[in-house]
Amino acid sequence: MFDFLDHYDLLGAFWTTVQLTVLSAIGSLIWGTVLAAMRVGPVPVMRGFGAAYVNIVRNTPLTVIILFTSLGLNQTLGISLGATNFDIINFRLAILGLTAYTAAFVCEALRAGINTVPVGQAEAARALGLSFPQVLSLVVLPQAFRSVVGPLTNVLIALTKNTTVAAAIGVAEAALLMKKMIENEAQLLLISAVIAFGFVCLTLPTGLILGWVGKKVAVKR
Amino acid sequence: MKLRKVTAATAVVLALAVSATACGKDDKKDGGSSGGKKIKIGIKFDQPGLGQKTPQGYTGFDVDVATYVAKELGYNADQIEWKESKSMDRETMLQRGDVDFIAATYSINDEREKKVDFAGPYLLAHQDVLVRADDNSIKSPEDLNSKKLCSVTGSTSAQNVHDKLAPKANLQEYPTYSACLTGLQNKAIDALTTDDSILAGYASQAAFKGKFKLGGLKMTNENYGIGVKKGSDLKAKINTALEKMVADKSWQQAVDKNLGPANYKNEPAPKIGNIVK
Amino acid sequence: MSSVLYDAQGPRAKRRNVLYTVGFLLAAAAVLWWVITGLNDKDQLTWDKWKPFLGGTEAWSTYIWPGLQNTLKAAALSMLIALPLGAVLGIARLSEHAWVRVPAAIVVEFFRAIPVLVLMIFGLALFAQYTNVSSDDRPLYAVVTGLVLYNASVLAEIVRAGILSLPKGQGEAALAIGLRKNQVMRFILLPQAVTAMLPAIVSQLVVIVKDTALGGAVLTFPEMLASVSPMSSYYGANTIASFTIVAVIYIAINFALTSFAGWLEKRLRRGKKSTGAVLPPAAVAGTASTGASV
């Protein structure tokens with residue numbers, strides 16, 4: 001019954017999905033934190049930039065962003081991200097697009113987290129003479145991160161599912177493989193069940209484990 | 001009462017979206033019922049020179065052939081209902097009767113002949129490459145191995161390159177050909193590969209005059225036929241119409257008009273039923 | 001609020017801020033300059049490429065408007081079908097009977113764990129192989145099916161969160177005056193929850209509008225993003241220009257919806273007649289175990 005799977009690199013496709021997820025997650029965590037710092041910081045221009053970035057990116061379909069990295073950045077502006085083979089270029093472009101998109105949601109989650117940190121914490125830090133970068137990095141952000149594990153987990157799970165959009169620029173991940181298999185094989189329900197099972201395996205444990213972590217690290221108040 | 005206002009505002013937003021939907025549907029119905037006797041023909045909507053949707057209507061060689069055939073079958077141009085038939089949908093559209101016939105760069109092959117019947121062929125095309133006008137480095141299919149190629153996701157042309165013509169070529173696949181052209185123009189892509197007729201159509205566009213040329217590699221033979229439902233009596237009638245079109249020179253005129261500007265040297269009109277393997 | 005993070009600025013801090021501002025603006029200008037010269041070098045900024053959109057209406061009426069209609073049609077249909085379905089699932093998850101609660105929970109968690117694109121691809125093949133929906137309508141059906149399955153599950157969580165957000169006293173008081181359980185739900189809880197959920201529902205509409213674009217890019221659904229292809233092939237591969245215009249329209253629509261959701265939320269919070277329970281647009285993120293409106 002599962003014979004036809006031998007012709008396809010199912011594990012390879014899901015491995016690509018995992019790679020896309022992990023690398024974009026790291027990227028968007030960093031970029032999202034920077035954006036959040038800009039949005040709560042003392043420099044008005046950076047605040048404006050952060051707000052504009054989040055509002056534009058959040059309201060753009062991910063598909064448009066991903067297609068734009070390929071057609072705009074690569075094909076028109078000539079950015080190839082240090083690779084010559086299109087398979088590798090597209091993979092890296094997809095990570096870039098996913099990072100740019102997901103960072104906006106990370107930023108918003110973090111900003112909400114920063115607001116949950118009691119005012120006294122920052123005031124006490126300032127009273128000690130800490131500068132804004134110190135207040136943020138030593139006192140506020142560590143507490144904020146612990147309170148937003150839940151929302152960030154949801155962003156991560158959404159990111160896992162969003163990696164399927166990379167199919168639009170031909171990255172050989174799970175959704176593209178599914179489309180190819182359906183075109184060539186007759187077992188529609190079986191193929192769909194296998195792919196669905198793969199995603200459930202990726203997203204459900206993430207949710208459960210990080211949900212447990214979130215409760216564990218939450219600041220009790 | 002404040003809450004009511006807010007609820008109402010939300011309802012208005014939803015209602016607006018729905019009414020936009022409703023408008024769309026009404027338009028379609030009006031178009032369908034006013035014409036009386038209609039013939040439904042499947043073409044491509046995004047291939048200049050062959051089948052293209054433009055603000056002025058539908059244009060291209062496939063469109064001209066289909067219009068001529070329809071006239072021979074007793075339908076005027078205003079009785080034709082054009083439908084978009086994407087490559088992957090063509091067999092199903094015929095089997096279900098969504099369209100009466102399809103003229104959409106439809107190559108005759110054994111696998112397709114199992115599912116549908118073909119009238120024609122009406123054009124012999126070859127898989128070829130489109131390159132920038134100043135690029136002379138591609139003289140044979142082997143030269144493609146060191147090049148950056150572009151084609152449409154899942155197309156036979158892409159598979160041919162991958163499987164036999166140039167397995168080492170660096171192949172970029174996009175959902176559409178026009179996306180490839182952007183890269184070709186900007187030197188991110190060296191060659192766009194698919195049937196020479198399609199390539200000629202792109203190269204003939206006003207915006208690209210003098211910028212691109214065909215490689216002339218003739219890598220495969222593609223016999224374009226007009227697809228009809230299996231066992232349909234239309235096949236014989238369409239064949240007669242195609243023969244007449246070649247005989248009264250309208251065929252050559254249509255080729256020159258649609259594909260000529262790109263310096264595309266077409267094969268002579270194929271004989272009906274003569275499929276070049 | 002955020003000003004709590006840094007001190008009022010003295011002369012030195014002000015000078016430093018000016019320095020940061022200038023530095024940031026210079027960096028931004030450099031990036032912008034690089035993009036513009038890059039595009040200009042490749043002839044992407046010539047008037048020819050942009051003329052169809054800025055200098056006439058035929059591109060709009062032939063390509064963009066029909067596409068936009070399909071985008072809105074798919075989004076509206078999905079919302080209208082997903083809303084009642086989501087309400088039923090959400091209420092079922094609150095049921096006291098395990099045989100209602102557990103299956104509803106499984107359905108909701110399952111469809112939220114799967115990418116909407118996978119659901120759409122499945123829908124397309126399903127309609128092609130097992131129904132006689134014509135090929136014209138199949139992509140629309142597939143897109144709506146995918147969006148409904150996914151969004152009904154998300155809306156179910158919104159409904160659940162909306163009902164749970166109401167003060168407990170509401171349900172208790174209703175039971176105390178002798179209403180039946182389903183009366184409590186119909187007359188007391190749901191009406192208040194629906195109001196509380198409005199911002200979250202409107203912002204879910206943004207997610208739906210964004211996801212319709214997947215149908216265009218992967219399923220040949222003729223919505224707005226898909227109109228880029230015939231359009232740019234007609235106007236001489238002005239892919240960048242076509243993309244930009246389409247992206248701006250998406251952003252405008254979604255920005256309007258997002259702002260509306262924000263306005264609704266503020267408005268509802270101020271309202272005195274409600275119980276004060278309001279689900280902010282991103283509320284689901286907090287209560288849900290999988291997925292978010294990203």
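The following paragraphs go through chain A of this predicted model, then its contacts with chains C and B, and end with a small sheet in chain B.

Confidence comes first. The average pLDDT of chain A is 91, and 99% of its residues score at least 70. Broken down by element, the highest mean in chain A, 95, belongs to helix α1 (residues 10-40) of chain A, while helix α8 (residues 174-184) of chain A has the lowest, 85.

The secondary structure of chain A consists of nine helices and zero strands. Read from the N terminus, the order of elements is therefore simply α-α-α-α-α-α-α-α-α. The C-alpha trace of chain A spans about 70 × 45 × 25 Å along its principal axes. Of the 221 residues in chain A, 51% are buried. Contacts in chain A between residues at least 6 apart in sequence include 75% that join residues at least 24 apart.

An unreviewed UniProt entry lists residues 12-38, 50-73, 93-112 and 188-213 of chain A under "transmembrane region". Two of these spans can be set beside the model. Residues 12-38 of chain A are 100% helix and 0% strand, with end C-alpha atoms 39 Å apart. For residues 50-73 of chain A the figures are 88% helix and 0% strand, and the end C-alpha atoms lie 22 Å apart.

Helix α9 (residues 188-217) of chain A allows a check on its length. With 30 residues at 1.5 Å a residue, α9(A) should span 44 Å; the distance between its end C-alpha atoms is 43 Å, so the two values agree. Buried positions in α9(A) are I191(A), S192(A), I195(A), G198(A), F199(A), T203(A) and G207(A). What do the buried residues of α9(A) pack against? Within chain A their partners are α1, α7 (149-162) and α8, and from chain C they meet α4 and α5. The spacing of such positions can be read against helix geometry. An α-helix has 3.6 residues a turn, so residues three or four places apart point the same way.

The packing of α9(A) leads on to the contact between chains A and C. This contact takes 54 residues from chain A and 51 residues from chain C. On the chain C side, at least two residues each come from α1 (11-41), α4 (98-113), α5 (116-130), α8 (181-218), α10 (239-270) and α11 (283-287) of chain C. The greatest contribution to that side is made by α10(C), with nine residues. By class, the side of chain C that touches chain A comprises 34 nonpolar, 14 polar and three charged residues.

Chain B also touches chain A. Here ten residues of chain B are in contact with nine residues of chain A. At least two residues of the chain B side are supplied by each of β10 (170-174) and α6 (177-185) of chain B. The largest share, four residues, is that of β10(B). The side of chain B that touches chain A divides into three nonpolar, six polar and one charged residues.

Chain B also contains an open sheet of three strands, ordered β2-β3-β4, with antiparallel pairing. Its edge strands are β2 (46-47) and β4 (57-59) of chain B, each of which pairs on one side only. Two bridges join β2(B) to strand β3 (residues 51-54) of chain B in the antiparallel sense. D46(B) lies opposite Q52(B) of β3(B).

Methods: Residues numbered from 1 in each chain as written. Chains lettered and ligands numbered in written order. Predicted model: local features only at pLDDT ≥ 70, side-chain atom pairs only at ≥ 80, totals over all residues. pLDDT = per-residue confidence, 0-100. Buried ≥ 20, exposed ≤ 12 C-beta atoms within 10 Å, placed from the backbone. Contact = placed C-beta atoms within 7 Å. UniProt positions renumbered as here; feature names shortened; annotations may be inferred. Nonpolar A, V, L, I, M, F, W, Y, C, P; charged D, E, K, R; others polar. Pairing = 2+ DSSP bridges. Expected span 1.5 Å × (residues − 1).
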